[in-house]
Amino acid sequence: MTKTRKPTRQGRSQTIALAIFMMLQSVAALFFVADAIRDLSNAPVNAESIIEALTAFVLVLGIFMAGWQLRLTLERMAAQGRALDIARGDFVRIIETQFDVWGLTAAEREVGMLALKGIDLAEIARLRGSAQGTVRAQMTRIYAKAGVSGRAQFAAWFVEELLGDGISPPEAGEKQQST
């Protein structure tokens, strides 16, 4: 299950700041547009009033383009956040599936997950309320079931599988285990 990513406080602040900036630009554009309309309607059309009108038009066009780009950027950021959440959820699912393939016990699964998070043996023991020797023995059994020689290979196994062809389906993993 993936959870929806909420915008960070910094992301919300940036969005609010950009919205305020665009609003100020819009007020300035209104001033220039009104000035250009007044100049064109009250006085004979001359080069200066045409240039002011074109400048006001370009300013308004720039505001619309900036708003459109801002909207696209916010949509892209939201899509990337969703993709990251999916990847996180998939990574956990992949780890749990592989733990199933290796036949890890519930305690070994918890220790293995904590080890993958980079927590050292002493901290894992403290978190689980068990002795370091117990955690060390569980890690040894995990390494044996995974067919790796240590923590670095254990973590690298998942990275290699994710970067390579992906995790093997459980049937293929079971074959690997029996060979």
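This is a short talk on how the helices of one predicted protein model pack together.

Let's start with the overall picture. The protein has 179 residues. Its secondary structure comes to 7 helices and 0 strands. Read from the N terminus, the elements go α-α-α-α-α-α-α. How much of the protein is buried? Of its residues, 23% count as buried. The accessible surface is about 12300 Å², and carbon and sulfur atoms hold 64% of that surface.

Now look at contacts along the chain. Take the contacts between residues at least 6 apart in sequence. Of these, 60% join residues at least 24 apart.

Next, one pair of helices. H3 covers residues 106-116, and H5 covers residues 132-146. Their axes lie 9 Å apart, at an angle of about 90 degrees. Angles of 65 to 115 degrees count as roughly perpendicular. So H3 and H5 are roughly perpendicular to each other. Which residues touch? From H3 we have Ala107, Glu108, Val111, Gly112 and Ala115. From H5 we have Val135, Gln138, Met139, Arg141, Ile142 and Lys145. By type, the residues of this contact are 6 nonpolar, 2 polar and 3 charged.

Stay with H3 for a moment. Which of its residues are buried? They are Glu108, Val111, Gly112, Met113, Leu114 and Ala115. Just after H3 comes glycine 118, with a positive phi of about 90 degrees.

On to the core. In soluble globular proteins, nonpolar side chains tend to be buried together. Here, the largest nonpolar core has 21 residues. Phe99, Trp102, Ile124, Met139, Phe154 and Phe158 have the most contacts inside it. Which helices supply this core? H2, H3, H4, H5 and H6 each give at least two residues. On your screen, H2 is 47-102, H4 is 121-128 and H6 is 151-163. H5 gives the most, with 5 residues.

Find Met139 now. We met it in the H3 and H5 contact, and again in the core. Set aside its neighbours within four places in sequence. Methionine 139 is then in contact with Val111, Ala115 and Leu121.

Last, three single residues to click on.

First stop: lysine 145, in helix H5. Is lysine 145 buried, partly exposed or exposed? Its relative accessibility is 28%, so lysine 145 counts as partly exposed. Valine 101 is 44 residues away in sequence, yet the two C-alpha atoms are 9.4 Å apart in space.

Second stop: glutamate 161, in helix H6. Is glutamate 161 buried or exposed? The cut-off for buried is under 20% relative accessible area. Glutamate 161 has 16% relative accessibility, so this residue counts as buried. Isoleucine 94 is 67 residues from glutamate 161 along the chain, and their C-alpha atoms are separated by 9.8 Å.

Third stop: isoleucine 51, in helix H2. Is isoleucine 51 buried or exposed? Exposed means over 50%. At 52% relative accessibility, isoleucine 51 therefore counts as exposed. Its C-alpha atom is 8.9 Å from that of alanine 36, which is 15 residues away along the chain.

To wrap up: H3 and H5 pack at about 90 degrees. H5 also gives the most residues to the largest nonpolar core. And on the charged side, glutamate 161 is buried, while lysine 145 is partly exposed.

Technical notes: Residues numbered from 1 in each chain as written. Predicted model: local features only at pLDDT ≥ 70, side-chain atom pairs only at ≥ 80, totals over all residues. Heavy atoms only, no water. Axes fitted to C-alpha atoms, helices over the stretch in contact; angles between N-to-C directions. Helix = DSSP H or I, 4+ residues; strand = E, 2+ residues; numbered from the N terminus. Parallel < 35°, antiparallel > 145°, perpendicular 65-115°, else oblique. Contact = heavy atoms within 4.5 Å. Nonpolar A, V, L, I, M, F, W, Y, C, P; charged D, E, K, R; others polar. Core = buried A, V, L, I, M, F, W, Y, C linked by side-chain atoms within 4.5 Å. Buried < 20%, exposed > 50% of the residue type's maximum accessible area, 1.4 Å probe, protein only. Areas by Shrake-Rupley, 256 points an atom, 1.4 Å probe, with all protein chains shown as cover.
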